[in-house]
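Biologist: Please take a close look at chain A for me. I would like its sheet and the helices that go with it, then the rest of the chain around them.

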Amino acid sequence: MCGIVGLFLKDKSMEPQLGALLTDMLITMTDRGPDSAGIAIYGNEVPDNAKLTVQSDTPETDFLDLKSELVKTIQGGLEIRVQSTHAVLEIQADQMSKARTALKSIRPNIRVMSTGESLEIYKEVGLPKDVASRFNLKNMSGSHGIGHTRMATESAVTTMGAHPFNTGIDQCLVHNGSLSNHNSLRRKLRRDGVHIETENDTEVGAAYVTWKMQQGSSLGEALESSLEDLDGFFTFVVGTKDGFGVVRDPIACKPAVMAETEQYVAFGSEYRALVNLPSIENARIWEPEPATVYFWKH
Amino acid sequence: MQNYDLANGSLRELNATLHAQNHNTNQTVWEIENPKGAHAIACGLDAPIEVTVKGSTGYYSAGMNQQATVNITGSAGPGVAENMMSGKVVIDGDASQYAGATGHGGLLVIKGNASSRCGISMKGINIVVHGSIGHMSAFMGQSGNLVVCGDAGDALGDSCYEARLFVRGSVKSLGADCEQKEMRTEHLEILKALLAESESDAKPEEFKRYGSARNLYNFNIDNAY
């Protein structure tokens, strides 16, 4: 079991409320996943800038002087926002790869959560309410976001085993279910040079989607082919810079409910997660069909 | 009429109060407010009472029902009326997966659509869906009637025993050992009564009947892999 929530705003005036609405949805899904929680939030992008969200188990030492040390190795400015165990580094987009290389040598223990112009991923072990307050999720604004509460089945309860997973620039994926062919697929992807860090099944699913897109598939095509190549149970929710998508395996035993109004499209593992959204009583509410890719874009 | 507001009370207290009603209770009509998708609302009832849930419910509402009439005015989450023994459960909206699963008796009416595995392993329950149903419905259905006024999804009636399946619209595909069967007078009468009791205006003559081809009843080497 795991819980997934997602909220895609059509009404720009709701953007300041995104974090608060998602936090409420996420905490409601605690029963489905009390091990760890995470959120991917899209918004607040600066033209020509990119964001690198990183995590450290020892933030008080790792993030100390990080800005000044990094500035030495890259040209141009750098802004750093520390939020508990995470820090968002805002860099000129063309300095991103240089910054990542520099980080590996000056802070080898730092882990990259996400890269993108708009995306920031925050995830940690712990109850969803504690994770939400640690990162002050309720005060975040943005155009859309995806959250996940984890009940681990396939691998250890760790930060890197928590969702969402970053699958490419400004892309992320969360999963409810369990993949049964993740070991063989991990070996195949690693042979093709794909970096997979953990023994987690979802990371393999995320790496698979990334790999398909590197081969030239669109996100929609990658999700379509996941229906063929991934064995097991899954409801995936994916985020991109300007949209979000949903796909369920053909058996579709992992629950999913969607709601749409003039103002938003929302996803919840259960209807409970949606009940406090504005005008939910007038929303169109439905269960996404099995083996069908859904996508919404700004 | 008794009223219980889940915004101010606990689910456990509500269910305990409903369980405390017996066959000669004077408190026969109940209204439950603010269900907000909570699980197991009005589960395990065993008294001739009428319960209206005003809104949408989560997992397993009205499960294991005996005698009671439960009306959910919104939609119901997975496993509604699971293992019902008798009584009646009416959902004004849609039902999620495995509605009426393993039910032994009573009537389940879904006025919207039902998703996958509706009536899975049904053992005598009657289910009437005004809309359409999803894949793998009536899988291993043993007895009872499943009436679908709309369409049925993939693998209808897979490996079913003696459940009777009536579909008015299209069937995307039939499951293993399920076949279309002759509609006889007795079946039209069953349909007429169930449609009337579930307030559907569909006509019995518009339906087709499906059921077991009975080829899986005995071991057959040709069915082995």
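Modeller: What follows goes from the sheet to the helices, then to the domains and the partner chain. Bear in mind that this is a predicted model.

Start with the sheet. It is open and has five strands of chain A, in the order β9-β10-β11-β12-β16. The pairing is antiparallel. Two strands sit at the edges: β9, residues 165-168, and β16, residues 294-297. Each of these pairs on one side only. From one strand to the next, the twist averages 20°.

Within the sheet, look at β10 and β11 of chain A. Strand β10 covers residues 171-179, and strand β11 covers residues 232-240. Eight bridges hold this antiparallel pair. For a register mark, take A:L179, which stands opposite A:G232 in β11(A). As a general point, strands of a sheet pair through backbone hydrogen bonds.

A helix packs on this sheet: α8 of chain A, residues 219-229. Helix α8 touches β11, β12 and β16 of chain A. Strand β12 spans residues 243-248, and the direction of α8 makes about 15° with that of β12(A).

Now follow α8 to its neighbour α7. The axes of α7(A) and α8(A) come within 9 Å and cross at roughly 125°. Angles over 115 but not over 145 count as oblique, so α7(A) is oblique to α8(A). The crossing of these two helices is right-handed. From α7(A), the contact uses A:Y208, A:V209, A:K212 and A:M213. From α8(A) come A:L219, A:A222, A:S225, A:S226 and A:D229. By class, this contact of α7(A) with α8(A) has five nonpolar, two polar and two charged residues.

Helix α7, residues 201-214 of chain A, also packs with α6, residues 182-191. Here the angle is about 40°, and the axes are 10 Å apart. Angles from 35 up to 65 count as oblique too, which makes α6(A) oblique to α7(A). This crossing is left-handed. On the α6(A) side, the contact is made by A:H182, A:L185, A:R186 and A:L189. On the α7(A) side, it is made by A:D201, A:V204, A:A207, A:Y208 and A:W211. The contact of α6(A) with α7(A) divides into six nonpolar, one polar and two charged residues. Note A:Y208: this residue of α7(A) takes part in the contact with α6(A) and in the contact with α8(A).

Next, the domains. The assignment for chain A gives domain 1 as 2-44 + 128-297, and domain 2 as 49-117. Their C-alpha centres lie 25 Å apart. The contact takes 10 residues from domain 1 and 10 residues from domain 2 of chain A. On the domain 1 side, the residues are four nonpolar, three polar and three charged.

Turn to strands β3, β4 and β5 of chain A. Strand β3, residues 49-55, runs antiparallel to β5, residues 86-92, over seven bridges. In that pair, A:K51 stands opposite A:E90 in β5(A). Strand β4, residues 78-83, is joined to β5(A) by six bridges, and the two run antiparallel. Here A:Q83 stands opposite A:H86 in β5(A). The hairpin of β4(A) and β5(A) has two residues between the strands. In this hairpin A:S84 takes a positive phi near 60°.

One more helix pair follows in chain A: α3, residues 66-73, and α4, residues 96-106. They pack at an angle of about 125°, with their axes 10 Å apart. That angle makes α3(A) oblique to α4(A). The crossing is right-handed. Helix α3(A) gives A:E69, A:L70 and A:T73 to the contact. Helix α4(A) gives A:K98, A:A99, A:A102 and A:I106. The contact of α3(A) with α4(A) has four nonpolar, one polar and two charged residues.

Last comes the partner chain. Nine residues of chain A are in contact with 12 residues of chain B. The chain A side has six nonpolar, no polar and three charged residues. Chain B itself is assigned domain 1 (1-96) and domain 2 (112-214). Six residues of domain 1 of chain B are in contact with five residues of domain 2 of chain B. That side of domain 1 of chain B has two nonpolar, three polar and one charged.

Technical notes: Residues are numbered from 1 along each chain as its sequence is written. Chains are lettered from A and ligands numbered from 1 in the order in which they are written. This is a predicted model: local features need pLDDT of at least 70, side-chain atom pairs count only at pLDDT 80 or more; totals for chains, interfaces and linings use all residues. Two strands pair if DSSP finds at least two bridges between them. Helices (H or I, at least four residues) and strands (E, at least two) are DSSP runs, numbered from the N terminus. Axes are lines fitted to C-alpha atoms, for helices over the stretch in contact, and angles run from 0 to 180 degrees between N-to-C directions. Two residues are in contact if their C-beta atoms, placed from the backbone, lie within 7 Å. Ala, Val, Leu, Ile, Met, Phe, Trp, Tyr, Cys and Pro count as nonpolar, Asp, Glu, Lys and Arg as charged, and the others, Gly among them, as polar. Domain bounds come from an automatic or database domain assignment. A crossing is left-handed if the near helix is turned anticlockwise from the far one by less than a right angle, and right-handed if clockwise.
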